[in-house]
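Okay, thanks for having me. Let's get the structure up on the screen and walk through it together.

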Amino acid sequence: MSGIKLSFVSVTNLCFKVMYQNLKTMRVISVLIFALLLILVEGCFYKERSPASGWSYNDPGNGGFQRGRGDQMGVAGTLNERIIAESENGNRRNYRRSENINVLDGVYIQEHSEGQIANLEGNIEGQDDPNQKEQEYAFLENPFVSTLEEHTSTFSIDVDVASYAQIRQHIELGLAPNANIIRLEEMINYFDYDYPVKNTGAPFSFSTEISTCPWNPENKILHIGIKGKEVMMEQAEASNLVFLVDVSGSMSGNDRLGLIQKGLINLVKTLRKEDKISLVVYAGSSGLVLPPTSCDNKSDIINAIKRLKSGGSTAGAEGIELAYKTASENLLQNGNNRVILCTDGDFNVGISSQEALVSLIEEKRETGIFLSVLGVGMGNYQDQKMEQLADHGNGNYAFLDSEREAKKVLVEEIMGTLYAIAKDVKIQIDFDASSVKNYRLIGYQNRVLENKDFEDDKKDAGEIGAGHSVTALYEISCNEQLQELSEIAKLKVRYKDPDGATSKLLEYAVLNDNIPLVESTENFRFSAAVAGFGMMLGKSKYINDYTYKELRALASSAVSNDEHGYKAEFLTLLRQSKQLGL
């Protein structure tokens with residue numbers, strides 16, 4: 001490099017000498033100097049840096065880096081993630097981040113690894129089965145079914161809400177949501193609905209409503225609402241909670257481990273002295289950071305959570321076995337026993353295969369230990385795995401994209417999140433073929449059951465938490481001769497008590513309300529708007545030419561009951577989605 005610098009100086013001196021001798025020669029050589037200068041600067045800039053500098057240049061098409069300004073991302077982007085960071089003075093600064101992105105003074109540099117380049121749609125190049133990849137990231141919908149071919153529909157309820165929080169995070173960062181995270185039932189059930197509480201003899205009540213389908217006025221929407229009974233904290237059974245926290249290197253940052261810590265600390269503050277907390281961590285190794293400790297000693301629990309640090313590879317080394325072992329040794333026979341897995345999804349909790357992991361979770365749920373999952377982060381996040389684990393563990397699955405969301409899940413809705421009032425809840429609709437021509441269940445694709453599973457008490461299904469509301473929608477096509485208040489279907493619900501082994505049956509006649517859309521309840525209109533939004537994001541073939549203007553008008557007419565502002569936030573997401581061209 002010193003030789004290059006000396007040559008550069010020599011050429012420059014020569015040029016200045018010639019400049020005084022011949023003006024024309026000076027002009028020619030000046031051009032040559034300028035060209036030489038560009039070559040030298042380019043060579044210095046793109047020369048491979050030392051590992052300490054954190055980046056190197058190669059051809060971007062062959063695994064190099066790309067650069068750009070973080071403030072030039074006003075439209076839906078194509079990188080894995082854009083994080084909104086808060087600087088020390090409170091100003092917001094935008095940049096994108098993934099596992100292989102460094103940020104230097106507001107400039108992002110993405111280093112691609114060979115055969116593992118993730119694009120916006122979530123597809124990953126280099127996977128073993130391209131057909132499986134395509135199916136995994138498609139927006140799936142239940143098709144219409146003719147009642148002449150099959151008049152009965154059965155599914156498990158689902159109280160997970162992770163899909164909506166992930167969609168919101170993508171949109172707020174200017175990104176199009178991946179198709180595989182758009183789950184309509186989770187979007188709908190993210191919101192609380194003011195369903196009437198009825199005395200059914202069960203731990204929950206249910207109601208139905210039928211009105212016009214907003215995106216296809218020739219059809220109707222059958223709205224099913226379930227409301228779990230409220231349980232006050234002081235009346236709730238004692239809890240045996242084990243926090244299983246991923247502290248691997250990928251969990252570093254305030255939006256990952258930092259967010260989990262704040263959420264768990266706020267949860268601990270709401271618990272009582274009869275509740276016990278244990279803390280298990282895993283990364284390169286696992287360990288019991290905090291043995292079972294009464295919440296009468298909140299300071300000890302909070303200090304243990306605060307001391308958590310991230311680092312190391314993501315290998316669980318029997319982390320989940322240790323968590324379940326801890327929960328089992330402190331099992332409350334008449335209490336709430338639960339493992340809460342906190343992770344960014346890029347994990348291996350010590351089980352050699354996904355099947356073995358699911359088998360362990362199912363085995364432990366039969367002993368009364370449920371599993372809930374709290375997800376954070378983006379990039380290599382394994383959303384579908386997280387959902388599957390929670391489903392098999394009789395727990396719920398939430399995604400934390402902000403402190404506000406952590407407060408919603410772990411404080412505002414703590415009873416619904418932690419305390420189950422019914423498990424293995426299944427719904428079966430038997431449509432009257434003379435009244436209904438065809439139907440389709442909106443969402444719940446991975447919760448659809450065989451009709452024979454409805455009476456099979458060995459078949460697992462979802463749980464309902466205290467105070468939870470659960471919503472399901474069917475789009476139906478009715479016969480023209482359908483009369484008002486005629487029975488169009490029979491609604492059946494099966495459930496078990498949290499510690500029960502035998503299901504109980506409830507039945508309810510579904511009548512044709514024939515209510516105009518403008519006169520339908522706010523529960524009906526808002527849930528239909530959320531479903532329509534998800535269908536628009538997924539480019540549903542059933543959404544027809546429905547517009548964001550119509551969608552916003554429908555949602556805006558149903559936001560009077562909005563204590564925490566989540567419905568108002570939904571209206572903002574609609575506007576942002578339209579601006580992004582989603």
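So, which residues of α4 are buried? Keep in mind that this is a predicted model. The buried ones are Ala162, Ser163, Tyr164, Ala165, Gln166, Ile167, Arg168, Gln169, His170 and Ile171. That makes 10 of the 11 residues of the helix, which spans 162-172, so α4 is largely enclosed by the rest of the structure. And what do those buried residues pack against? Quite a list: α5 (184-189), α10 (383-392), β15 (397-399), α11 (403-412), α13 (522-537) and α15 (566-580). Just after α4 you'll spot Gly174, with a positive phi of about 80 degrees.

Okay, on to the sheets. One is an open sheet of six strands, and its order is β12-β11-β10-β13-β14-β15, with mixed pairing. β12 (286-294) and β15 are the edge strands; each has a single partner, so one side of each is left without a neighbour in the sheet. From one strand to the next, the twist averages 15 degrees. If you look at β11 (residues 276-282), six bridges tie it to β12, and the two run antiparallel. One pair to click on there: Val281 has Gly287 in β12 as its bridge partner. Helix α6 (residues 257-270) packs on this sheet, where it touches β10 (239-246), β13 (336-343) and β14 (369-375), and its direction makes about 170 degrees with that of β10.

There's also an open sheet of five strands, β6-β17-β19-β9-β8, and here the pairing is antiparallel. At its edges stand β6 (145-146) and β8 (204-212), each with a single partner strand, so again one side of each has no neighbour in the sheet. Inside it, β9 (residues 220-228) and β19 (residues 469-478) are joined by eight bridges, and Ile226 sits opposite Val470 in β19.

Last topic: empty space. How many cavities of 30 Å³ or more does the structure hold? Two. The largest has a volume of about 130 Å³. It has 15 lining residues, and the closest to its centre are Val161, Asn396, Ala398, Val409 and Thr417. β14 gives the largest share of that lining, three residues. By class, you get 10 nonpolar, four polar and one charged.

The second largest cavity comes in at about 60 Å³. Its lining includes Asp158, Asp160, Asp391, Arg447 and Glu463, and by class it divides into four nonpolar, three polar and five charged residues.

That's my tour, thanks!

Technical notes:
Residues are numbered from 1 along each chain as its sequence is written. This is a predicted model: local features need pLDDT of at least 70, side-chain atom pairs count only at pLDDT 80 or more; totals for chains, interfaces and linings use all residues. Side-chain values use heavy atoms; hydrogens and water are left out. Two strands pair if DSSP finds at least two bridges between them. Helices (H or I, at least four residues) and strands (E, at least two) are DSSP runs, numbered from the N terminus. Buried means under 20% relative accessible area, exposed over 50%, partly exposed in between (1.4 Å probe, protein chains only). Contact means heavy atoms within 4.5 Å. Axes are lines fitted to C-alpha atoms, for helices over the stretch in contact, and angles run from 0 to 180 degrees between N-to-C directions. On a 1 Å grid over the protein atoms alone, a cavity is a set of points where a 1.4 Å probe fits but cannot get out, and a pocket is an open set with protein on both sides within 12 Å along at least five of seven lines; lining residues have an atom within 4 Å of a point. Grid points are joined across faces, edges and corners, and a volume is the space filled by probe spheres set on the points. Ala, Val, Leu, Ile, Met, Phe, Trp, Tyr, Cys and Pro count as nonpolar, Asp, Glu, Lys and Arg as charged, and the others, Gly among them, as polar.
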